[in-house]
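Thanks for coming. I will go through one model today, starting with a term and then working from single residues up to the chain contact.

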Amino acid sequence: MKVTIDEDKCCGAGQCVLIAPEVFDQRDEDGIVVLLDAEPGADRHAAVHEAAAVCPAFAIEVSE
Amino acid sequence: MSIDEQVLPYPIPNDAALRPPAEWAELRGTCPVAHVELPSGDRARLLTRYEDVRQVLADPRFTRQLNAPDAARLSADGGGVFNSEMAMIIPDSGEEHQHWRRLVSKWFTAKRMNAMRPAMARIAEDLIDEMVERGAPGDLKASLGFPLPVYVICDMLGVPAEDRDRFSYWSDTLLNLTRYGKDETEAAQAEFFQYMTDLLAGKRAEPGDDLLSELIAAGGPENGGLDDLQILVTGMALLVAGHETTANMIGKMVSMLLADRSRWEALLADRSLIRTTVEESLRLDANSGFGLPRYLKEGTEVSGVELPKGTTVICSMAAANRDESAFEAAEEFDLTRSPNPHLAFGAGAHSCLGQALARTELQVVLEVLLRKLPTLELAAPEAELERVEGLAVGGLRTVPVRW
């Protein structure tokens, strides 16, 4: 799995951090997404897919 | 006459407190861009399909400039939160909006919200203890749902919680589309404006450890910060937004869970369902209020329907959240639904800034209620629950409970 994020689209909702905190974080200064792990292990795939699906700004892309 | 030839009154009348009006399913099926008449008498178009609402909310051509001369007025007096001149002080789009958003967003990150959980839980515990002391039946809305978000947002902004009755009234005049006359609304807004002006002057003299003090400390526009008026309006907007929305949602969420008590029991048996249950309550909130209006600055098309420049559309997120084409068994309350990409907080660059706060408050309230009052039940039949009328944000008048 490969995860990419779009900082410009990100609206800082924090859903990804709440769902997959091992993979996503937010910058302290403006709440914008930080990708901690661009190729997360299999045990995190479900959470990453969920985070991408519910991102209100459509800022997370996942490819296999 | 079929539904696509009618002009429906909007908001669509509905007596059921927790259930959707029958029109939603029909509109999604056959008339996704309906004609509606607003309380002002002006016409707008109502969107009810998931894909349409999601796309329109994320499309910058659908602006929030509801004060344009040919935009539909929502209420008869042209007042209310969406038409307000004040709403225009915060940049609506593009880089300026993004800049404003990022300055404020840092206060609402998931990490910050998680750090606030213990404090929120303590507030919830104290409020529940006080309700229990007063004896059953109690009103969960007045006892817990309303005060908790108010204490939390007041604390974040550095606003004295003792003044909450005044904020409640000011919020109500801003958010209520039908109850108050123009003079009353304007007087309330002027008072609110003066209150915030004095509060900010105090913070300039003596900064605290709060959001407003930090916005001031960030400097003016020349230093990458906000000007004085923008800070003031930001404070007012956050106070109003942090007030009615989650306050009402707590009451609606608990009512939905208790109206079919098997949901409450499932949560008692497995607390790991709290997060997905909160999301499902947000998705199925049939009484979420007005929806989000948008003003179209150039012509376009939605679901094959031409919309000319100058059209006002109303996005019904609550109707969209029950769209069978987006959610399997959309009418069913599924405590395990995942993913749940509902639109209760909107979508795109303007999606709710405070959503992590709202989610955290809802999760904490549910955790504490399940722990402290596992025998909680509604003290009135669901049919007797009453909606608050006329608000941009929907809610229940009271949530009678016993335990």
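One definition before anything else: a residue counts as buried if 20 or more other C-beta atoms lie within 10 Å of its own, as exposed if 12 or fewer do, and as partly exposed in between. Please also keep in mind that this is a predicted model.

Take B:Ser303 with that definition. B:Ser303 has 15 other C-beta atoms within 10 Å, which means that it is partly exposed. This serine sits in the loop between β7 (300-302) and β8 (305-307) of chain B. Its phi is positive, about 50°, although B:Ser303 is not a glycine. Most residues other than glycine have a negative phi, and most peptide bonds are trans.

There is a second case of this kind, in chain A. A:Phe58, also not a glycine, has a positive phi near 55°. Where is A:Phe58 placed? In the loop between α2 (45-54) and β4 (60-63) of chain A. The neighbour count for A:Phe58 is 17 C-beta atoms inside 10 Å, so A:Phe58 counts as partly exposed.

Next, cis peptide bonds in chain B. B:Tyr10 and B:Pro11 are joined by one, with omega about -5°. B:Pro11 belongs to the loop between β1 and α1 of chain B. Another cis bond runs from B:Ala136 to B:Pro137, with omega near -5°. B:Pro137 is found in the loop between α4 and β5 of chain B.

Now chain B as a whole. How many helices and strands does chain B have? There are 14 helices and 11 strands. Along the principal axes, its C-alpha atoms fill a box of roughly 55 × 55 × 40 Å. The radius of gyration of chain B is 21 Å, which agrees with the value near 22 Å for a compact globule of 403 residues. Of those 403 residues, 46% count as buried. If we take contacts in chain B between residues at least 6 apart in sequence, 73% of them join residues at least 24 apart.

On to the sheets. One open sheet in chain B has 6 strands, ordered β1-β2-β3-β9-β6-β4, with mixed pairing. β1 and β4 (62-63) of chain B are the edge strands, each pairing on one side only.

I will follow that sheet from the β1 end. β1 (residues 7-9) and β2 (residues 33-37) of chain B pair in the parallel sense over 3 bridges. B:Leu8 stands opposite B:Val36 in β2(B), and the bridge partner of B:Pro9 is B:Glu37. Between these two strands comes helix α1 (residues 23-30) of chain B, and β1(B), α1(B) and β2(B) together make a right-handed β-α-β unit.

β2(B) then pairs with β3 (residues 43-47) of chain B, in the antiparallel sense and over 5 bridges. B:Glu37 turns up again here, with B:Arg43 as its bridge partner in β3(B). The two strands form a hairpin with 5 residues between them, and in the turn B:Gly41 has a positive phi of about 95°.

Back to helix α1(B). Which of its residues are buried? B:Trp24, B:Leu27 and B:Arg28 are. They cover an arc of only 95° around the axis, so they are on the same side of α1(B). An α-helix has 3.6 residues a turn, so residues three or four places apart point the same way. The cover over these buried residues of α1(B) includes β2 and α13 (317-320) of chain B.

There is also an open sheet of 3 strands in chain B, in the order β5-β11-β10 and with antiparallel pairing. β5 (138-139) and β10 (377-378) of chain B each have a single partner strand, so one side of each is left without a neighbour in the sheet. β5(B) and β11 (residues 400-402) of chain B are joined by 2 bridges. In that pair, B:Asp139 stands opposite B:Pro400 in β11(B).

Last, the contact between the chains. Chain B contributes 21 residues and chain A contributes 17 residues. On the side of chain B that touches chain A, α3 (94-105), α4 (110-134) and α14 (355-372) of chain B each supply at least two residues. By type, the residues on that side of chain B are 8 nonpolar, 8 polar and 5 charged.

That is the end of the talk; questions are welcome.

Key. Residues numbered from 1 in each chain as written. Chains lettered and ligands numbered in written order. Predicted model: local features only at pLDDT ≥ 70, side-chain atom pairs only at ≥ 80, totals over all residues. Contact = placed C-beta atoms within 7 Å. Helix = DSSP H or I, 4+ residues; strand = E, 2+ residues; numbered from the N terminus. Nonpolar A, V, L, I, M, F, W, Y, C, P; charged D, E, K, R; others polar. Rg over C-alpha atoms; globule rule 2.2 N^0.38 Å. Pairing = 2+ DSSP bridges. Right-handed = clockwise from strand over helix to strand, strands pointing away. Arc of directions from axis to C-beta.
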